[in-house]
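Biologist: Could you walk me through how the labels on this model are earned? I would like each term set against its definition.

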Amino acid sequence: MTAHASHQPPGRYRFRHLAQMEWIKLRSLRSTWLTLAIAVAASAGIALATGSSSTTSGGMFVSNTLVGMLIGVLLIGTVGVLAMTSEYTSGTIRATFAAAPRRLRVLAAKAAVVGAVALITGEAAAFLSFFAGCMTLRHGITAPALSQPGVLRAIVLAGASLSPIALFGLGLGAIIRHTAAAITVVVGIVFVGESFIGQLDLAIRPYLPIYIVSHSLSATTPLCLPGAASCWLSAWSGLGMLAVYAAIAMVLGALILARRDA
Amino acid sequence: MIEVRGLTKRYGSAVAVDRLSFDVPPGAVTGFLGLNGSGKSTTMRMILGLDAPDAGHARIGGEAYRQLRWPLREAGALLESRAFHPGRSARAHLTAMAASNSISQSRVAEVLEIVGLESAAGKRAGKFSLGMAQRLGIAAALLGDPAVLLLDEPMNGLDPEGIRWIRGLLRSLAAEGRAVLVSSHLISEMALMADRLVVIGQGRLLADTTAAELSSRAPSLEEAFLQLAGDSAQYQARNMS
């Protein structure tokens with residue numbers, strides 16, 4: 001073994017070192033690739049069916065091709081959760097914090113890697129879904145063009161929704177630390193919450209993640225609630241609202257991560 | 001060099017570590033001896049900045065752990081036998097850890113060789129036996145070629161050959177001038193391995209001495225240790241009644 005103590009390179013560990021560590025961690029798990037592949041395949045598969053059963057390519061057609069993105073939302077939420085909770089379950093978190101005791105920097109690196117992977121996956125799923133839906137349209141129905149108003153925005157923003165949802169999961173993972181409990185909360189807030197809150201108060205519905213993805217981000221034109229005075233959030237406000245969800249979870253997660261013993 | 005000064009940790013009204021002070025000097029194996037639950041692991045976690053002390057502090061090479069520029073290159077630690085994701089290969093786990101401190105891929109190969117895991121490096125670590133898991137943990141501790149090593153019960157799960165291997169490894173690491181802190185409840189093993197002994201009970205320092213001095217207090221090191229630990233347990237019982 002070499003002599004030690006005199007071999008310290010200049011500088012110190014930086015964000016980029018930690019981002020590299022987190023990327024290696026994420027990519028070295030088979031479950032990551034499996035989950036992302038299912039997310040893309042499922043949303044594109046649903047879009048194939050949507051296209052073949054559509055009688056028009058106007059109106060809600062574009063947002064209908066993107067309806068499978070909700071599966072991606074659910075799955076990417078669990079990828080975010082697991083990026084944190086699997087470290088606590090396995091004990092890796094203590095190896096991680098021993099390697100990099102600045103915990104908030106570790107969390108930021110995780111957020112950057114998970115957020116970027118979610119964004120790429122989301123865009124791949126959204127574009128594939130749109131083209132899959134167009135591909136199976138019946139003979140004689142012209143597929144919408146990306147250049148038509150709102151089409152490209154709907155695809156890009158529906159794809160982008162996976163990033164804040166992944167960070168929402170990551171933040172909740174840091175708060176809760178237990179995989180099953182954290183996934184239950186993510187699914188509860190993103191999906192099941194609407195069947196309770198959504199029925200109670202129509203005014204709250206536009207702010208629930210599931211409706212933001214399906215009615216705000218995926219829509220080519222602003223939509224209003226049926227029979228009600230209020231409308232769904234606009235596409236950009238919807239994305240902003242998802243970012244708020246992610247920010248709240250991440251800030252709470254960061255506070256707890258910094259204070260609690262690992 | 002590790003310096004521990006007045007380190008204290010409470011969980012509610014229970015005191016896990018009580019105003020503990022000791023040094024781990026370079027060039028020696030320091031045995032950290034205590035019965036189960038005496039506060040050894042909590043102390044090690046506090047030295048590594050994983051648990052926040054209620055009072056006191058620990059320094060590595062004169063600095064708080066959180067201030068270290070390249071933590072893995074200054075201190076290597078084995079805290080639990082399975083501190084890795086079961087779905088990740090040994091090589092991937094070490095490569096990820098190495099990246100955090102800008103340690104080269106060739107060093108990853110080197111530590112895999114040192115611990116004898118080259119052939120199993122590509123396998124999912126969840127399938128490892130306890131002995132292999134322990135070797136992976138030791139490889140992770142050696143990654144940064146650090147001047148300070150902290151190992152919590154490294155002999156757990158190793159067969160006699162493995163125990164002899166780690167004894168030799170730790171002795172040679174100390175001979176190279178490193179500060180090595182090894183916790184164990186195996187007294188006889190400590191007699192063979194450690195130059196110095198830090199004995200604790202109920203989180204308090206009971207002895208900070210050499211193995212030779214402690215064994216001279218009784219017919220055997222084991223008896224000397226049990227006397228110390230037993231006195232401390234009785235003290236605790238008196239206090240509670």
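Modeller: Gladly, starting with a strand pair: strand 3 (residues 28-33) of chain B and strand 8 (residues 196-201) of chain B run parallel over 4 bridges. This is a predicted model, where local features need pLDDT of at least 70, side-chain atom pairs count only at pLDDT 80 or more, and totals for chains, interfaces and linings use all residues. Residues are numbered from 1 along each chain as its sequence is written, while chains are lettered from A and ligands numbered from 1 in the order in which they are written.

Biologist: What makes strand 3 and strand 8 of chain B a pair?

Modeller: Two strands (E runs in DSSP of at least two residues, numbered from the N terminus) pair if DSSP finds at least two bridges between them. Strand 3 and strand 8 of chain B have 4 bridges, so they pair. In one of these, B:Gly31 is matched with B:Leu197 of strand 8.

Biologist: Why do strand 5 and strand 9 of chain B count as edges?

Modeller: The open, mixed sheet of chain B has 6 strands in the order 5-6-7-3-8-9. Strand 5 (75-78) and strand 9 (204-210) each have a single partner strand, so one side of each lacks a neighbour in the sheet.

Biologist: Why are helix 10 and helix 11 of chain A called roughly antiparallel?

Modeller: Helix 10 (residues 209-217) and helix 11 (residues 235-259) of chain A pack at about 160°, with axes 9 Å apart. Angles over 145 degrees count as roughly antiparallel, so helix 10 and helix 11 of chain A earn the term.

How values were computed:
Axes are lines fitted to C-alpha atoms, for helices over the stretch in contact, and angles run from 0 to 180 degrees between N-to-C directions. Angles under 35 degrees count as roughly parallel, over 145 as roughly antiparallel, 65 to 115 as roughly perpendicular and the rest as oblique.
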